[in-house]
Amino acid sequence: MKVKRPTRPVKKKIPVSQPKPIVQTPESPSVLATATTVKLQKFLAQKGLGSRREMEALIATGEVSVNGKVAIVGDRVGASDVVRIGKRVIRLNPQESLPKVLLYHKPEGEIVSRHDPEGRPSVFDKLPHLRSSKWIAIGRLDFNTSGLLIFTTDGALANRLMHPRFEMEREYAVRILGKLTPEQMTQLTTGVELVDGRAAFSYLAEQGGEGINHWYRVILKEGKNREVRRMFEAIGLSVSRLMRVRFGPINLPPRIKRGQWLELDEKETQRLLSLIA
């Protein structure tokens, strides 16, 4: 497990609960790590070449072959098979069957994009270099929001955690100027109208504060653009700090400071992969 050294001073700490396991799901062996063969589209997605659906579309074009024969969706491949996309060989190494999963503590002032016309710092500049695949960002955080970002080389895992139908929880620590009234808390948990539809927190609790600033914990089951900030703005309040502390079953470990990343070990990755088995 690697931890990158911090690149900037740590700011004042946000109220957090007691440390929890990085991955909260019950431990169970992953079929992705133990199976002798795997579906071709899942294998290609694990290699970071795209989502499983994108790989199914690619296979359907006839550009993918297994052992010299044109592949079809549903073909299974093992360590002895030769998989090609055009002339490019995609190797299946049993020792590399687990995808990489990396947690990054994003500071304010970075964008979640590889290209920015304004030339702002990118989270991708901080990640370790990959030679045969690419990092896929699971979810996004806006420029002024800090906290947990998850990256993986597995397109299927990324899709499983991000697709709206799975309703993965996103938990945030929110600081506002002022204090919510009981009526406002009810409004935020029953629903407020935004330009792109109605939104509601599935959980909202006060976490204390100093002076006129108050902290709250909120949970959403979707990831609309700037949703937390817009919900508070809808009731006339501004968010002065926002930090994501959990995405689905993955907590932001307290030991990862702003600007640091940590790669999940084999046991933690297997535990996470059990979600999509």
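Biologist: In this predicted model, is Val 239 buried or exposed?
Modeller: The relative accessible area of Val 239 is 13%. The cut-off for buried is under 20%. Because 13% falls under that cut-off, Val 239 counts as buried.

Biologist: Which strand holds Val 239, and how many of the strand's 9 residues are buried?
Modeller: Val 239 has its place in strand β15. This strand covers residues 239-247 and is largely enclosed by the rest of the structure. The reason is the count of buried residues in β15, which is 8 of the 9.

Biologist: Which residues does Val 239 touch, leaving out those up to four places away in sequence?
Modeller: Val 239 sits in β15, and β15 pairs with strand β10, residues 170-177. The contacts of Val 239 include Val 174, Arg 175 and Ile 176. Val 239 also touches Arg 229 and Phe 232, both listed among the buried residues of helix α6. The full list is Val 174, Arg 175, Ile 176, Arg 229 and Phe 232.

Biologist: How far apart in space are the C-alpha atoms of Val 239 and Val 228?
Modeller: Val 228 is one of the buried residues of α6. In sequence, 11 residues separate Val 228 from Val 239. From C-alpha to C-alpha, the distance is 8.4 Å.

Biologist: In what sense do β10 and β15 pair?
Modeller: The two strands share 7 bridges. One of the partners of Arg 244 in β15 is Tyr 172. The sense of the β10 and β15 pairing is antiparallel.

Biologist: Which residue of β15 stands opposite Gly 147?
Modeller: Strand β9, residues 146-152, pairs with β15 in the parallel sense. That pairing runs over 2 bridges. Opposite Gly 147 stands Arg 244.

Biologist: Which residue takes a positive phi in the hairpin of β15 and β16?
Modeller: Strand β16, residues 250-251, pairs with β15 in the antiparallel sense over 2 bridges. Phe 247 has Ile 250 of β16 as its bridge partner. The hairpin has 2 residues between the strands. With phi near 60 degrees, the residue is Gly 248.

Biologist: How many of the 8 residues of α6 are buried?
Modeller: Helix α6 spans residues 227-234 and is mostly covered. Its cover includes β10, β14 (213-220) and β15 among other elements. The buried residues are Glu 227, Val 228, Arg 229, Arg 230, Met 231 and Phe 232. That gives a count of 6.

Biologist: Which residue just after α6 has a positive phi?
Modeller: The helix α6 covers residues 227-234. Just beyond α6, phi is about 85 degrees at Gly 236.

Biologist: Which residues does Asn 144 contact, leaving aside neighbours within four places in sequence?
Modeller: Asn 144 lies in the loop between β8 (136-138) and β9. It is partly exposed, with a relative accessible area of 48%. Its C-alpha is 9.4 Å from that of Ser 240, 96 residues away along the chain. Its contacts are Glu 108 and Arg 229.

Biologist: Why do the buried residues of helix α3 lie on the same side?
Modeller: In α3, residues 52-60, the buried residues are Met 55, Leu 58 and Ile 59. Residues three or four places apart in an α-helix point the same way, because each turn takes 3.6 residues. The other side of α3 has Arg 53 and Ala 60 exposed. The three buried residues are on the same side because they cover an arc of only 100 degrees.

Biologist: Which strands stand at the edges of the open sheet of 4 strands?
Modeller: The order is β3-β2-β5-β6, with antiparallel pairing. β2 and β3 pair over 2 bridges, with Ser 65 opposite Val 70. β2 and β5 also help to cover the buried residues of α3. The edge strands each have a single partner, so one side of each lacks a neighbour in the sheet: they are β3 and β6.

Biologist: Over which residues is the pLDDT below 50?
Modeller: The protein chain averages a pLDDT of 84, and 84% of the residues score at least 70. One stretch falls below 50, with 17 contacts in the model beyond near neighbours in sequence. Where pLDDT is low, the predicted coordinates should not be read in detail. The stretch is residues 26-35.

Conventions
Residues numbered from 1 in each chain as written. Predicted model: local features only at pLDDT ≥ 70, side-chain atom pairs only at ≥ 80, totals over all residues. Heavy atoms only, no water. pLDDT = per-residue confidence, 0-100. Contact = heavy atoms within 4.5 Å. Buried < 20%, exposed > 50% of the residue type's maximum accessible area, 1.4 Å probe, protein only. Pairing = 2+ DSSP bridges. Arc of directions from axis to C-beta.
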